[in-house]
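The following exercises concern a protein structure and its interior. Please work through each task before reading its solution.

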Amino acid sequence: MPDATRILIMGNSGSGKTTYARHLAERHGVPHLDLDSIVWEPDQIAVRRAPEDIHRALDSYLANHPNWVIEGCYGELIQAASHAATRLIFMNPGLEACLAHNRQRPWEPHKYASAAEQDAMLEVLQTWVAEYYTRDDDWSYLAHRRIYDAFAGPRIEYPSEPEEIAHLRKEAVPLAPKRPKAE
């Protein structure tokens, strides 16, 4: 039987987590869980689910999927899943790269009803992203650094976009729906 594939990916918003997670999930033929999908209430903007519901959803996912790629900025959830991970990846390309990636982010229909709605939240997101290196919460650089440094298994930190996915941005290979043109 092949080795298990259970990869955790963490980093700031815009660091490339989702792009890399989709690539790895496809390459390994395993499911991908974007932690946003269990943290936020469906069809609502920035309404967080109850912590017990979030942890119950994560525990259920881990129990029902022997192999996976899980990604997100939520340090407490990365930590909670780390016992089952076979590898930890820390996407840490720096603030300017994260801000630029967020400005180029395609419309995410699973998060926003329209591209305009997503665009309206961009400055709030960018402010939050800019505070990544100075905050001391579970979603900060400090929390991610602590998790990475304590992880006993195989781990890698990418200070820039991994070469195996950089071409996806350069060649504009769509990994998410294209944004409709503004009218």
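**Exercise 1.** Is Cys98 buried or exposed?

*Solution.* The model is predicted: local features need pLDDT of at least 70, side-chain atom pairs count only at pLDDT 80 or more, and totals for chains, interfaces and linings use all residues. Residues are numbered from 1 along each chain as its sequence is written, and side-chain values use heavy atoms, with hydrogens and water left out. Buried means under 20% relative accessible area, exposed over 50%, and partly exposed in between, with a 1.4 Å probe and protein chains only. Cys98 has 1% relative accessibility and therefore counts as buried. Cys73, at 8%, is likewise buried.

**Exercise 2.** Describe the surroundings of Glu71.

*Solution.* Glu71 belongs to strand β3, residues 68–72 (strands are DSSP runs of E, at least two residues, numbered from the N terminus). Glu71 is buried but forms no salt bridge (a side-chain nitrogen of Lys or Arg within 4 Å of a carboxyl oxygen of Asp or Glu). Lys17, the nearest side chain of opposite charge, is 5.0 Å away. The side chains of Glu71 and Thr18 share a polar contact of 3.0 Å (N or O atoms within 3.5 Å, one able to donate a hydrogen and the other to accept it; residues adjacent in sequence count only if both atoms are side-chain atoms).

**Exercise 3.** Which residues of the largest nonpolar core touch the most other members?

*Solution.* A nonpolar core is a set of buried Ala, Val, Leu, Ile, Met, Phe, Trp, Tyr and Cys residues joined through side-chain atoms within 4.5 Å. Among its 26 residues, Leu35, Leu58 and Ile70 touch the most other members.

Key: Helix = DSSP H or I, 4+ residues; strand = E, 2+ residues; numbered from the N terminus. Lys, Arg positive; Asp, Glu negative; His and termini not counted. Contact = heavy atoms within 4.5 Å. Lists of a residue's contacts leave out its neighbours within four places in sequence.
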